[in-house]
Amino acid sequence: MNESTLALSKNDIRDDFVKKTGIKLTTRRKIIYNILAQNSNKHFTAKDIESMTYRLNTPTSISTIYRTLELFEKWGIIIRHNFNDDSAIYEYAYKEDHHHLICKACGKVIEISGLVPDNLSEQLLKVGFHYISYSLKIYGYCDQCREHINKIVLEG
Ligand SMILES: [Zn+2]
Ligand SMILES: [Zn+2]
């Protein structure tokens, strides 16, 4: 990966975001930014990002990644989740509102969109809360795990 592929194109960061923050990304930050933005359908741990930087031939230390993720989170570029009490999981913030289905057995995270709780906006208005985006966490079992668990239960 060379310098030019790391340059942020206009579309990489939303205009309003750039205007608001005037943020300039260093090369290291661009590497991490691009990984998150170009894989906005995925969720990453810091370790995942570390191995991605190695795969992209731009190895970056885990401490730099943690520092950068902390900054990105503060700037609102990424969202941090704690799905399973273990390591934090990060995803790019500029994507459609969506919800997470978390399998309690294998830890798989599935995204769905379009499921809006009844009168959510009314309830938010009532408590005077102005939301930017929202995301539900729904815990349960994925198909494979459920099958597996059913087998254990049924066959003792
Ligand atoms: Zn599962
Ligand atoms: Zn997500």
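## Close-up views of the predicted model

**View 1. Where helix H3 meets helix H5.** Arg28, Arg29 and Ile32 on the H3 side touch Thr64, Ile65 and Thr68 on the H5 side. Sort the residues of this contact by type and you get 2 nonpolar, 2 polar and 2 charged. As for the geometry, the two helices pack at an angle of about 75°, and their axes are 10 Å apart. That angle makes H3 roughly perpendicular to H5. Keep in mind for this view and the ones below that the model is predicted.

**View 2. Helix H4 and its two sides.** H4 covers residues 46-55, and its buried residues are Ile49, Met52 and Thr53. Why do they sit on the same side of H4? They span an arc of only 100° around the axis, which puts them there together. The general rule behind this is that an α-helix has 3.6 residues a turn, so residues three or four places apart point the same way. Flip to the other side of H4 and you'll find Lys47, Ser51, Tyr54 and Arg55, which are exposed.

**View 3. What H4 packs against, and what follows H4.** The buried residues of H4 pack against two helices, H3 (27-38) and H5 (62-75). These are the helices of the first view, where H3 and H5 pack at about 75°. After H4 comes asparagine 57, which has a positive phi, near 65°.

**View 4. Serine 63, a residue of H5.** Serine 63 is part of helix H5. Is serine 63 buried or exposed? It counts as exposed, because it has 9 C-beta neighbours inside 10 Å, and the cut-off for exposed is 12 or fewer. Alanine 46 is 17 residues away from serine 63 along the chain, and the C-alpha atoms of the two are separated by 9.3 Å.

**View 5. The open sheet.** Here 3 strands line up in the order E4-E3-E5, with mixed pairing. Strands E4 (109-112) and E5 (137-140) are at the edges with a single partner strand each, so one side of each has no neighbour in the sheet. From one strand to the next, the twist averages 25°.

**View 6. Strand E3 and its partners.** E3 takes in residues 99-103 and runs antiparallel to E4, with 4 bridges joining the two. On the E5 side there are also 4 bridges, but E3 and E5 run parallel. Isoleucine 102 is a handy residue to look for here: valine 109 in E4 stands opposite it, and its bridge partner in E5 is tyrosine 139.

**View 7. The hairpin of E3 and E4.** How many residues lie between the strands of this hairpin? There are 5, and glycine 107 in the hairpin has a positive phi near 80°.

**View 8. Zooming back out to the chain.** The chain has 7 helices and 5 strands. Reading from the N terminus, the elements go α-α-α-α-α-β-β-β-β-α-β-α. Of the 156 residues, 16% are buried, and Ile49, Met52 and Thr53 of H4 are among the buried ones. Among contacts with a separation of 6 or more, 53% are between residues 24 or more positions apart.

Notes:
Residues numbered from 1 in each chain as written. Chains lettered and ligands numbered in written order. Predicted model: local features only at pLDDT ≥ 70, side-chain atom pairs only at ≥ 80, totals over all residues. Buried ≥ 20, exposed ≤ 12 C-beta atoms within 10 Å, placed from the backbone. Contact = placed C-beta atoms within 7 Å. Arc of directions from axis to C-beta. Pairing = 2+ DSSP bridges. Axes fitted to C-alpha atoms, helices over the stretch in contact; angles between N-to-C directions. Parallel < 35°, antiparallel > 145°, perpendicular 65-115°, else oblique. Nonpolar A, V, L, I, M, F, W, Y, C, P; charged D, E, K, R; others polar.
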